[in-house]
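Colleague: Before we look at the model together, I would like to go through its strands, helices and backbone angles one at a time. Could you answer with the criteria stated as they come up?

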Amino acid sequence: MNNSTKRVPRGRPRRFAQLENLRDNPPPNCGKRPHYINGIGLLHGSRGITAYIKIRLPNSSSKEIKLGSLDSFSWDQLEAARVLRQGRADRGEDIEERKPVSFADQAEDWLTRKKLTTRGYGTLKSHVKKHLLPAFGRKMLKDITVIDVDRWSSEQLGSGLKPATVNRQMSTLNSILNDAVKGGILSINPARLAERAKGATARQVFLNEQQIAHVLAIAETIEREDNANAELMPFQKRGWLKDFVLWALHSGMRRQEILNLRFSDVVVTSGHTIVIVRTSKSGNSRAIPATTEMGYIVERMRSLGREEGDDRLFPISLTTVKRKLKALWKRTDLGDVRLHDLRRTNATMLVSAGMDMRTVAGRLGHSNTNMLMSTYAVYDPT
């Protein structure tokens, strides 16, 4: 038989012949979109060919995934990548495998977002920086177990912290891990299954009339001492400490709410003085009927020395308030007392005087009476 007329069996085409042809012969209208063959796409560009894969989603739509330069893959690797991701999509799993996230990264990200929305940001920051990061910072989120959380809680109690303090830190840990669950980083929050520190009770400190008088007397003493040292500390604000304590007692307002007050927030209408709390813990404003003593305090604060344009009712910084109040509580020898206890005392006195619980709760800025009944209104036998 003549060799020129001999027929050569064609055989089966190579497995990826179509893709090889697409690689070597780009379509004339390739544009900026990849062309696909069996879920594998190629995009011809000026710098080379980019490989893509296309995945069918359960909702009948599709998703394109850019893998990178074609030179970095074999055809088998591209096919394996497509099959792997298609399988995840069919099972309802994440198509792309998530990189492990450390607790430190999650906590820092959570803390950054909380800074914009939380009034108690300083407390949260202290929990994260001082107590949670040293314990969990180097761990991956997925590696934190219930036992890890229980062990941390026990160590915190062993260091001398009170159960209530450890539980507040635990609440912060819970919030961070719940955020990771919402973001799909974790499937379950291990802190939710951990044991809460036992022995924590609601803090209920109530000042009686004698204790209140004692606190005010010490505040007057400190103010006299400040006036006597005026030449040594000419820039120190003086004459506000006793009135600050009185305002907290009569209004039931929180410390930061008092510091945020402006003279424009004190409104006189129909012979009555109303204090508008515009910035509260919940973000909602409320109106507080002022007592006669609060009216006197407003007038005294108008005569207090202040910088031009400063219309704050109490023209002092948070740092100054903390320092002065710390010295005040220490000199009263009343033990575990703080400014917030005046808010609790205010609520207790109002309830004892016969004011209904719902009105008192609204005055304090609570949406219902639950907190008032459990924590704020302490039983007063007198």
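Colleague: Which residues of strand 7 make up its covered face, and which its uncovered one?

Modeller: Strand 7 spans residues 286-289, where strands (E, at least two residues) and helices (H or I, at least four) are DSSP runs numbered from the N terminus. Its covered face is made by Arg286 and Ile288, while the uncovered one consists of Ala287 and Pro289.

Colleague: From what pLDDT do side-chain atom pairs count in this model?

Modeller: Residues are numbered from 1 along each chain as its sequence is written, and side-chain values use heavy atoms, with hydrogens and water left out. The model is predicted, so totals for chains, interfaces and linings use all residues, whereas local features need pLDDT of at least 70 and side-chain atom pairs count only at pLDDT 80 or more.

Colleague: What is the bridge partner of Val277 in strand 7?

Modeller: Strand 6, which covers residues 272-277, pairs with strand 7 in the antiparallel sense over four bridges, pairing being accepted if DSSP finds at least two bridges between the strands. Within strand 7, the residue bridged to Val277 is Arg286.

Colleague: Is His272 buried or exposed, and at what relative accessibility?

Modeller: His272 belongs to strand 6, and between its C-alpha and that of Thr292, 20 residues away in sequence, the distance in space is 9.7 Å. Buried means under 20% relative accessible area, exposed over 50% and partly exposed in between, with a 1.4 Å probe and protein chains only. By that standard His272 counts as exposed, at a relative accessibility of 53%.

Colleague: Which strands are the edge strands of the open sheet of four strands?

Modeller: The order in this open sheet is 1-2-3-4, with antiparallel pairing. Two of these strands pair on one side only, and they are strand 1 (35-37) and strand 4 (62-69).

Colleague: Which residue in strand 3 stands opposite His44?

Modeller: Strand 2 (residues 40-45) and strand 3 (residues 48-56) run antiparallel to each other and share six bridges, and the hairpin that joins them does so through two residues. Across this pairing, the residue that stands opposite His44 is Ile49.

Colleague: In strand 4, what is the bridge partner of Thr50?

Modeller: Seven bridges hold the antiparallel pairing of strand 3 with strand 4. The hairpin of these two strands has five residues between them, and in it Ser60 takes a positive phi near 75 degrees. In strand 4, Thr50 has as its bridge partner Ser69.

Colleague: What angle does the direction of helix 2 make with that of strand 3?

Modeller: Helix 1 (residues 17-24) lies across strand 1, strand 2 and strand 3, and runs at about 15 degrees to strand 2; axes here are lines fitted to C-alpha atoms, for helices over the stretch in contact, and angles run from 0 to 180 degrees between N-to-C directions. Helix 2 (residues 75-90) also packs on the sheet, where it touches strand 2, strand 3 and strand 4, and its direction makes with that of strand 3 an angle of about 30 degrees.

Colleague: Beyond its neighbours within four places in sequence, which residues is Glu79 in contact with?

Modeller: Glu79 lies in helix 2 and is buried because its relative accessible area is 18%. Contact means heavy atoms within 4.5 Å, and once neighbours within four places in sequence are left aside, the residues in contact with Glu79 are Arg15 and Ile40.

Colleague: How many of the eleven residues of helix 8 are buried?

Modeller: Helix 8 (residues 241-251) is mostly covered, and among its buried residues are Leu241, Asp243, Phe244, Trp247 and Ser251. Just after this helix, Gly252 takes a positive phi of about 70 degrees. Of the eleven residues of helix 8, the number buried is nine.

Colleague: What is the relative accessibility of Asn38?

Modeller: Asn38 sits in the loop between strand 1 and strand 2, and although it is not a glycine it has a positive phi of about 55 degrees. Asn38 counts as exposed, with a relative accessibility of 63%.

Colleague: Where does Asp333 lie?

Modeller: Asp333 is not a glycine, yet its phi is positive, at about 55 degrees. With a relative accessible area of 69%, Asp333 is exposed. Its place is in the loop between helix 11 (318-332) and helix 12 (340-352).
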